[in-house]
2 protein chains.
Amino acid sequence: MNGDDERIVMAHGGGGELTRRLLAERVIPRLANDLLAPLADSAVLPRPAGRVCLTTDAFVVQPLEFPGGDIGRLAVFGTVNDLAVMGAVPTALSLALVIEEGLPLAVLDRLVDSIAAAARQADVVVATGDTKVIDRRGGDGLIVVTAGVGELRDGVNLDGRRIEAGDAVLVSGGIAEHGLAVMLARENLAFRTELRSDAAPLTALIVRLLDSGADVKFLRDPTRGGLAGVLADLVDLTGLTVEVEERRVPLSPAALHAAEMLGLDPLTVANEGKVVAVVAGGDAERALRACREHPQGRDGAIVGRFTDAAPALVDLITRAGGRRMVTRPYGEELPRIC
Amino acid sequence: MNGDDERIVMAHGGGGELTRRLLAERVIPRLANDLLAPLADSAVLPRPAGRVCLTTDAFVVQPLEFPGGDIGRLAVFGTVNDLAVMGAVPTALSLALVIEEGLPLAVLDRLVDSIAAAARQADVVVATGDTKVIDRRGGDGLIVVTAGVGELRDGVNLDGRRIEAGDAVLVSGGIAEHGLAVMLARENLAFRTELRSDAAPLTALIVRLLDSGADVKFLRDPTRGGLAGVLADLVDLTGLTVEVEERRVPLSPAALHAAEMLGLDPLTVANEGKVVAVVAGGDAERALRACREHPQGRDGAIVGRFTDAAPALVDLITRAGGRRMVTRPYGEELPRIC
């Protein structure tokens, strides 16, 4: 068997010599950094300046690689973004790989390289990890679970309960691109489109928003459940209505086309590189300017406002000028996209 | 369908209304604590007094429940112990559940209850989490991935490179009980034995060791690869030989019997509630006394010493008085035990 045909076997996860070699020869060198010590059970992080944030995400996306990204990039950016939307600066990640027996080592190498590159791009290190192997069942190939710690910026108060009528909803760019790109790849329709996953780290864009002087009351990356899911959560949290103008919601022609081809409502489809911000009504323009100054936010838009209309709901003013109530998607419209 | 027959469906992982209900009704109330906020993407932890440790573990054990524990207890204690052996006091965990479609909700409820009880026992909180559902393949039922953060005690220097000839190896109690208990359960041989998994939190026992005044140079919980794996790692790290007396290694009659029944070398079998400590030779008795004062350490023993005999290896003096070289297990002698 030559090197290209090598595959993961159960023994790679047994904790013995084969596990040691897999990590020492293929994983740790790719992730190399000062915190990642091969013999330690955990990593010692630098003393934090402020409070510490902790988050975790499990990624079960199929296929493992798709236009614009792969499960590794998704895991790093997803975790970084969950910290960033808390107003935290991400510092270190943990990385658990649950590998299905039979995964080609060449695929594993590529994905670990991608994790390392994404971590560099997001300015975090993979400080510790764990690797297990599960039986082959013609299934997933790889499940990636990351946790992340970050330092909370002083003076940031992102408590959505401060939201009041008149506050504005900003979306930083075109929605639905991640979920649609993965679905098209899975349906072998990727050739029909230029659409790519938007997976990207949000830290720098969010720092710019927070530093703009605008009163930012809430941040969230609209992943599973999409923009609709975030807005439904905000209605539950605030007891207010949010009125959204469909024509103002950023949506690329490629994403619109893909959503029509797949019969999906782009409002409910996951993003992995966009942020939804709620800002004080009077600060909307200032926040939007700050957003658009950043390359990842140049298509940003104010898409709606909170009102005290009863009953509280997500009230969409459609392109045709009608109104429709937007609800949280009920179940699994897009399985295994993140 | 009545409540007892309810099972996980793909839609429970979709990020929509069903996901929200699963978490709000079945998971979060069981784990209830001040840090776990249903709407937040990450948890804000109290400001740490010292440096922060980060660790992660993926658990793929089969069966999910076994004598002495289950995958939930194992995940909590495994992560707590990885922090404790760094000399850190565990403070918060993250919890990622990757659930296979078809898992009975009653099983999930039981395992989340077990996680909550284990966290209380170990004095940590589950501060944040993520839930995904994967397709049914007659497989695992549940994969649990935990990450943990802890605060490092000041003045602790657990750098194994300080180990020198004459230092002693202490084991806190009977080895191999976890791996053997799981294997017996899997082979439906559990009725033949009283053996139970030793899964337990090590924090209090380790604090006692560190506070004893003994110069503790290294701590490790001998999980995958067992005691043999830890000793092989220490030989690699120090370039020294470690001489171990088999008759001094704590091993219960039930574990010895189970190992013989399964044809396994107990030195290579995983533990989940024991610690291996390397202490300065002159402090061996003091450390052993401290260990035995704690209920979890009452069977502790000094099992061997480092020497500068060349070549460096793990040199076992067998019960029969012979010598044999102990190596790290090569691959997967006990698949899916943690």
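Okay, to get going: which five strands form an open sheet with mixed pairing, and in what order? Reading across, the order is β1(A)-β2(B)-β7(B)-β5(B)-β6(B). This is a predicted model, by the way, so please hear everything I say with that in mind.

Let's stay with that sheet for a minute. The edges are β1 of chain A and β6 of chain B, residues 125-134, and each of those pairs on one side only. From one strand to the next, the twist averages 20 degrees. The join across the chains is β1(A) against strand β2 of chain B, residues 52-59, in the antiparallel sense, over three bridges. If you want a residue to click on, try A:A43, whose bridge partner in β2(B) is B:L54.

Over at the other end, strand β5 of chain B, residues 88-100, runs parallel to β6(B), and nine bridges join the two. There you can pick B:S94, which has B:T128 as its bridge partner in β6(B). Just as a reminder, strands of a sheet pair through backbone hydrogen bonds, either parallel or antiparallel. Then there's a helix on this sheet: α2 of chain B, residues 71-84, lies across β2, β5 and β7 of chain B. Its direction is at about 150 degrees to β2(B).

Right, on to the interface as a whole. How many residues does each chain put into the contact? It's 72 from chain A and 72 from chain B. Together the two chains bury about 6100 Å², with 58% of that on carbon and sulfur atoms. For polar contacts, the count between chain A and chain B is 22 residue pairs, both residues at pLDDT 80 or more. On the chain A side, the elements giving two or more residues include α1 (17-31), β5 (88-100), β7 (142-152) and α6 (226-238). By class, that side of chain A has 35 nonpolar, 15 polar and 22 charged residues.

Now the charges. Over all chains the count comes to 56 salt bridges, and eight salt bridges are found across the interface of chain A and chain B. One to look at is A:D130 with B:R224, where the side chains meet at 3.0 Å, N to O. Another salt bridge is B:R47 with A:D154, and there the closest N and O atoms are 3.9 Å apart. With a cut-off of 4 Å for a salt bridge, that pair still counts. B:R47 sits in the loop between β1 and β2 of chain B, while A:D154 is in the loop between β7 and β8 of chain A.

Let me move to another sheet, this one within chain A. Here seven strands form an open sheet, again with mixed pairing, in the order β9-β11-β8-β12-β10-β13-β14. At the edges are β9 (216-220) and β14 (323-326) of chain A, each pairing on one side only. Neighbouring strands in this sheet are turned by 25 degrees against each other on average, direction ignored.

As for helices, α5 of chain A, residues 203-210, packs on the sheet and touches β9 and β11, with its direction at about 170 degrees to that of β9(A). Helix α8 of chain A, residues 284-293, lies across β8, β11 and β12, and runs at about 150 degrees to β12(A).

Inside the sheet, strand β10 (241-245) and strand β12 (301-307) of chain A are antiparallel over four bridges, and A:V244 has A:G304 as its bridge partner in β12(A). Strand β13 of chain A, residues 314-317, pairs with β14(A), antiparallel over four bridges. In that pair, A:L316 stands opposite A:R324. The β13(A) and β14(A) hairpin has five residues between the strands, and A:G321 takes a positive phi near 95 degrees there.

Last bit: backbone oddities. Most residues other than glycine have a negative phi, and most peptide bonds are trans. So where are the cis ones? A cis peptide bond joins A:Q62 and A:P63, with omega about -5 degrees, and A:P63 is in the loop between β2 and β3 of chain A. In chain B, a cis bond joins B:Q62 and B:P63, omega about 0 degrees, with B:P63 in the loop between β2 and β3 of that chain. Finally, A:D123 is not a glycine but has a positive phi of about 60 degrees. You'll find A:D123 in the loop between α3 (105-122) and β6 of chain A.

Key:
Residues numbered from 1 in each chain as written. Chains lettered and ligands numbered in written order. Predicted model: local features only at pLDDT ≥ 70, side-chain atom pairs only at ≥ 80, totals over all residues. Heavy atoms only, no water. Contact = heavy atoms within 4.5 Å. Buried area = accessible area lost by both parts, 1.4 Å probe. Polar contact = N/O pair within 3.5 Å; in protein donor to acceptor, adjacent residues only side chain to side chain. Nonpolar A, V, L, I, M, F, W, Y, C, P; charged D, E, K, R; others polar. Pairing = 2+ DSSP bridges. Axes fitted to C-alpha atoms, helices over the stretch in contact; angles between N-to-C directions.
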